[in-house]
Amino acid sequence: MTTQITGDIVNNIAVISALNVDDLAIGQHQFWFKVATNALNQDQLLPVWVFKGQRAGKKVMITAGIHGDELNGILTAQQLARQLKDTEVCGCITIIPAINLSGIIHHHRDFHSADQDLSSINLNRYFPGNSTGNAAERYLAQLWQQLLLPNADIAVDLHTQTTGTCYPLYVFADFRVESALAMARLMTPDAILNDPGDLGVLETVWNAHGVSAITVEVGSGKITQPELIDRAVTGVMKIITNQQQLATMTIEACAIEANTVTSIRADIGGLTLAHVEMLASVNEGDVIATQYDLFGNEIKCYTAPSAGIVLSHNTDALREAGALVVRLIHN
């Protein structure tokens, strides 16, 4: 595959419909990638940064914004690009800071379509897409086939928790993939979960195609957290710096590396106050949240089903039945 330049220029930046970084000259490049058209046949364009170094190295792919409400991930990707503009790199670093355009515009995690028969869709359950499927699947197929897959040896996908809940700096990695575990530890996160992968998730699909990948959660949805963004940028820069040695590196384990998480979800609707703090230890039976009706009467008390460490809790008090209240990780 070769880089395909459409001939269009938007804001002085060339539009492409396919990218092969091997075609590019040494240096920095910005493109708009034509991922789809909308229902009015207007182009949907994703921003793409490419930093190609003089020295040989891996192709590193950094993505963000698969969920439209996860802005810390987008801000991390943008800050990385600004930092890389003044950095000599090995290999080639490609950054796609904003994938889900419709979700970002709608302040929502999902992809939104004008198709009346298509509900909003969580894009991170449908990779690698389907070029003959619905609008979301076609969007992902074009992204995967023409931009992502040809340009990656290792990959970092940046996220946050969903709006209304919070995370620390937290990494999913498949511990069976040694270089993925090394990447996760280089992030110096608060916690790492051994993640064998779920169907349709980008990290899972990367690993299945021989690209070592991790998913990095940078705090909370729709809340800007500069400290966590800075930590995430530092971690990704460590991965970039050590890209050639990942498979053979020995790195000190993170304080919390675990195989299991337990999600405590609301049994009923109500206004819910969490009584725990991020990364606090709880014991089985500890009260972790209280739920109230509209009068303010207590209607439900939630307790920890087992000992664990608080990985996430609600920050939006309004919880419908089934909504997350507290998530524990077991060390």
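In the predicted model, strand E5 (residues 55–64) and strand E7 (residues 154–159) run parallel and are joined by five bridges. Within this pairing, Met-61 stands opposite Ala-155 of E7. Strands of a sheet pair through backbone hydrogen bonds, and the pairing may be parallel or antiparallel. E5 and E7 belong to an open sheet of 11 strands, in which the pairing is mixed. The order of the strands across this sheet is E1-E2-E3-E4-E6-E5-E7-E11-E9-E10-E12. Strand E1 (4–10) and strand E12 (257–258) stand at the edges; each has a single partner strand, so one side of each lacks a neighbour in the sheet.

Helices lie against this sheet. Helix H1 (residues 71–84) lies across strand E3 (27–37), strand E4 (43–52), E5, strand E6 (90–96), E7 and strand E11 (212–218). The direction of H1 is at about 145 degrees to that of E6. Helix H3 (residues 135–148) also packs on the sheet, where it touches strand E2 (13–18), E3, E4, E5 and E6. The angle between the directions of H3 and E3 is about 155 degrees.

One residue of strand E11 is Ile-214. This residue has a relative accessible area of 0% and counts as buried, because the term applies to values under 20%. With neighbours within four places in sequence left aside, the contacts of Ile-214 include Ala-155, Val-156 and Asp-157. Also among them are Val-171, Phe-172 and Ala-173, as well as Ala-180, Met-183, Ala-184 and Met-187. Glu-203 and Ile-239 are in contact with Ile-214 too. Ala-155, one of these contacts, is the residue of E7 that stands opposite Met-61. The C-alpha atom of Ile-214 is separated by 25 Å from that of Ser-131, and the two residues are 83 residues apart along the chain.

Seven salt bridges were counted in the model. In one of them, Lys-59 is paired with Asp-22, with the closest N and O atoms 3.3 Å apart. Lys-59 lies in strand E5 and Asp-22 in the loop between E2 and E3, so this salt bridge ties together parts that are 37 residues apart in sequence. Lys-59 is buried, at a relative accessible area of 19%; the value falls under the 20% limit, and therefore the residue is not classed as partly exposed.

Another salt bridge links Glu-70 with Arg-109, and here the closest N and O atoms are 3.4 Å apart. Glu-70 is in the loop between E5 and H1, whereas Arg-109 is in the loop between helix H2 (101–105) and H3, so the pair ties together parts that are 39 residues apart in sequence. Glu-70 and Arg-109 are both buried.

A further salt bridge is formed by Lys-300 and Asp-267, whose closest N and O atoms are 3.0 Å apart. Lys-300 belongs to strand E17 and Asp-267 to the loop between strand E13 (260–265) and strand E14 (270–274), so parts that are 33 residues apart in sequence are tied together. Lys-300 is partly exposed, with a relative accessibility of 26%. Asp-267 also counts as partly exposed, at 48%.

Leu-294 is located in the loop between strand E16 (287–292) and strand E17 (298–303). This leucine is exposed, with a relative accessible area of 85%. Together with Leu-271 and Leu-318, Leu-294 forms a nonpolar patch on the surface. The accessible area of the three residues together is about 360 Å².

Some backbone features were found in loops. The peptide bond between Phe-127 and Pro-128 is cis, with omega at about 5 degrees. Pro-128 is placed in the loop between H2 and H3, as is Arg-109 of the salt bridge with Glu-70. Thr-188 is not a glycine, yet its phi is positive, at about 50 degrees. This threonine lies in the loop between helix H4 (178–186) and strand E10 (191–194), and its relative accessibility of 45% makes it partly exposed. Lys-222, again not a glycine, has a positive phi of about 60 degrees. The loop that holds Lys-222 runs between E11 and helix H6 (226–241). Lys-222 is partly exposed, at 34% relative accessibility.

Methods. Residues are numbered from 1 along each chain as its sequence is written. This is a predicted model: local features need pLDDT of at least 70, side-chain atom pairs count only at pLDDT 80 or more; totals for chains, interfaces and linings use all residues. Side-chain values use heavy atoms; hydrogens and water are left out. Patches are made of residues with over 30% relative accessible area and no salt bridge: like charges are joined within 9 Å, nonpolar side chains (Val, Leu, Ile, Met, Phe, Trp, Tyr) within 5 Å. Accessible areas come from the Shrake-Rupley method with a 1.4 Å probe; for residues, only the protein chains shown count as cover. A salt bridge is a side-chain nitrogen of Lys or Arg within 4 Å of a carboxyl oxygen of Asp or Glu. Helices (H or I, at least four residues) and strands (E, at least two) are DSSP runs, numbered from the N terminus. Buried means under 20% relative accessible area, exposed over 50%, partly exposed in between (1.4 Å probe, protein chains only). Two strands pair if DSSP finds at least two bridges between them. Contact means heavy atoms within 4.5 Å. Axes are lines fitted to C-alpha atoms, for helices over the stretch in contact, and angles run from 0 to 180 degrees between N-to-C directions.
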